[in-house]
Amino acid sequence: MRIDIITLFPEMFESPLNHSILKRAQDEGIVSIALANIRDFTTDKYHKVDDRPYGGGAGMVLMPVPLFDCFEHVEKLAPTRGRVIMLTPQGEPFRQAKAQELAREERLILIAGRYEGFDERIRIGLNAEQISIGDYVLNGGELAAMVVIDAVVRLLPGALGHEESAQDESFAEGLLEYPHYTRPEVFRGMRVPEILLSGDHAKIAAWRRRQSLERTKAWRPDLLPKDPPTDTRS
Ligand code: 6GU
């Protein structure tokens, strides 16, 4: 997969992209990630990228001209356009299903904005999708773009090194994960559940399944299907 990021702050991406899984995935050629700075596509003396909103109001708006020039440069860097995604609180809420969908693409172009927002003609002119990472307001789309990249890249074949991991975890099945334990067997008086030491893999799997369901019911009932399928077996 190739991911292009269009931003005013490429430096913000340096640390997250250069550690751990995201770094290794790039080193191994599983993903290639490129940054483009919108400001490099300005033509005026002040390298202006934002301006006051028509109609008045607070804040500044990201201008369409440098953004389009930047986009048209980036678009040509690879043969396929892929999915063009603007990060904005107005976007579709980002969920695991969307991460799985994006992980199947050959290319993503992510556009992170700043200020009060993007000039509306950017969204229309690029025919871009919009993604939000939750119902709160960030100072810009950069952190949201990093969240999307992190969630997508770990789903790419080979990125985790152990393929079950991404299958097993929270949300892959629409449920929260079961609890995990490692050594020591007793920590501050708290014992590892006996069943996990039993070696009975079928019983362990059933226990984990039940734990997943119970935790989801208790902590995230909104994730459970509205009409749970009735088990009619006796
Ligand atoms: Cl994608 N951008 C900004 N600025 N704020 C957000 C967001 C995105 N998602 C949630 N809040």
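# Briefing: cores, helix packing and backbone outliers

Ser-20 lies in helix 2. The model is predicted. Helix 2 (20-27) is among the elements that each supply at least two residues of the largest nonpolar core. That core has 32 residues. Helix 6 gives the most to it, with 8 residues.

**Nonpolar cores**

- Within the 32-residue core, Ile-3 and Ile-149 touch the most other members.
- Three strands each supply at least two residues of this core: strand 1 (2-7), strand 5 (83-93) and strand 6 (107-112).
- Helix 2, helix 4 (96-103) and helix 6 (142-153) each supply at least two as well.
- The top contributor is helix 6, at 8 residues.
- Setting aside neighbours within four places in sequence, Ile-149 is in contact with Ile-3, Ile-5 and Leu-17, and also with Leu-22, Ile-33 and Leu-110.
- A second core is separate and has 18 residues. Phe-71, Ile-111, Phe-118 and Ala-128 are among them.

**Helix 6**

- Helix 6 has 12 residues. From its first C-alpha to its last it reaches 16 Å, close to the 16 Å expected at 1.5 Å a residue.
- Helix 6 is mostly covered, with 9 of its 12 residues buried.
- The buried residues are Glu-142, Ala-144, Ala-145, Met-146, Val-148, Ile-149, Ala-151, Val-152 and Val-153.
- An α-helix has 3.6 residues a turn, so residues three or four places apart point the same way.

**Helix 4 against helix 6**

- Two packed helices are described by the angle between their axes and the distance between the axes.
- Helix 4 and helix 6 pack at about 70 degrees, and their axes are 8 Å apart. Helix 4 is therefore roughly perpendicular to helix 6, since angles of 65 to 115 degrees count as such.
- The crossing of helix 4 past helix 6 is right-handed.
- On the helix 4 side, the residues that meet helix 6 are Ala-99, Leu-102 and Ala-103. Their counterparts in helix 6 are Val-148, Ala-151 and Val-152.
- Val-148, Ala-151 and Val-152 are all on the list of buried residues in helix 6.

**Backbone outliers**

- Most residues other than glycine have a negative phi, and most peptide bonds are trans.
- Ser-20 has a positive phi, near 55 degrees, and is not a glycine. Ser-20 counts as exposed because its relative accessible area is 58%, where the cut-off is over 50%.
- Arg-188 also has a positive phi, near 50 degrees, in a residue other than glycine. Arg-188 sits in the loop between strand 9 and strand 10 (190-191). With a relative accessibility of 75%, Arg-188 is exposed.
- The peptide bond from Arg-183 to Pro-184 is cis, with omega near 5 degrees. Pro-184 is found in the loop between helix 7 (164-168) and strand 9 (186-187).

**Leu-35 in strand 2**

- Strand 2 covers residues 32-37 and holds Leu-35.
- Leu-35 is partly exposed, at 37% relative accessible area.
- Leaving out neighbours within four places in sequence, Leu-35 is in contact with Ile-5, Thr-7, Pro-10 and Phe-13.
- Leu-35 and Phe-9 are 26 residues apart along the chain. Their C-alpha atoms are separated by 9.3 Å.
- Ile-5 is in contact with Leu-35, and Ile-5 is also in contact with Ile-149 of helix 6.

Terms used. Residues are numbered from 1 along each chain as its sequence is written. This is a predicted model: local features need pLDDT of at least 70, side-chain atom pairs count only at pLDDT 80 or more; totals for chains, interfaces and linings use all residues. Side-chain values use heavy atoms; hydrogens and water are left out. A nonpolar core is a set of buried Ala, Val, Leu, Ile, Met, Phe, Trp, Tyr and Cys residues joined through side-chain atoms within 4.5 Å. Buried means under 20% relative accessible area, exposed over 50%, partly exposed in between (1.4 Å probe, protein chains only). Helices (H or I, at least four residues) and strands (E, at least two) are DSSP runs, numbered from the N terminus. Contact means heavy atoms within 4.5 Å. The expected span of a helix is 1.5 Å times one less than its number of residues. Axes are lines fitted to C-alpha atoms, for helices over the stretch in contact, and angles run from 0 to 180 degrees between N-to-C directions. Angles under 35 degrees count as roughly parallel, over 145 as roughly antiparallel, 65 to 115 as roughly perpendicular and the rest as oblique. A crossing is left-handed if the near helix is turned anticlockwise from the far one by less than a right angle, and right-handed if clockwise.
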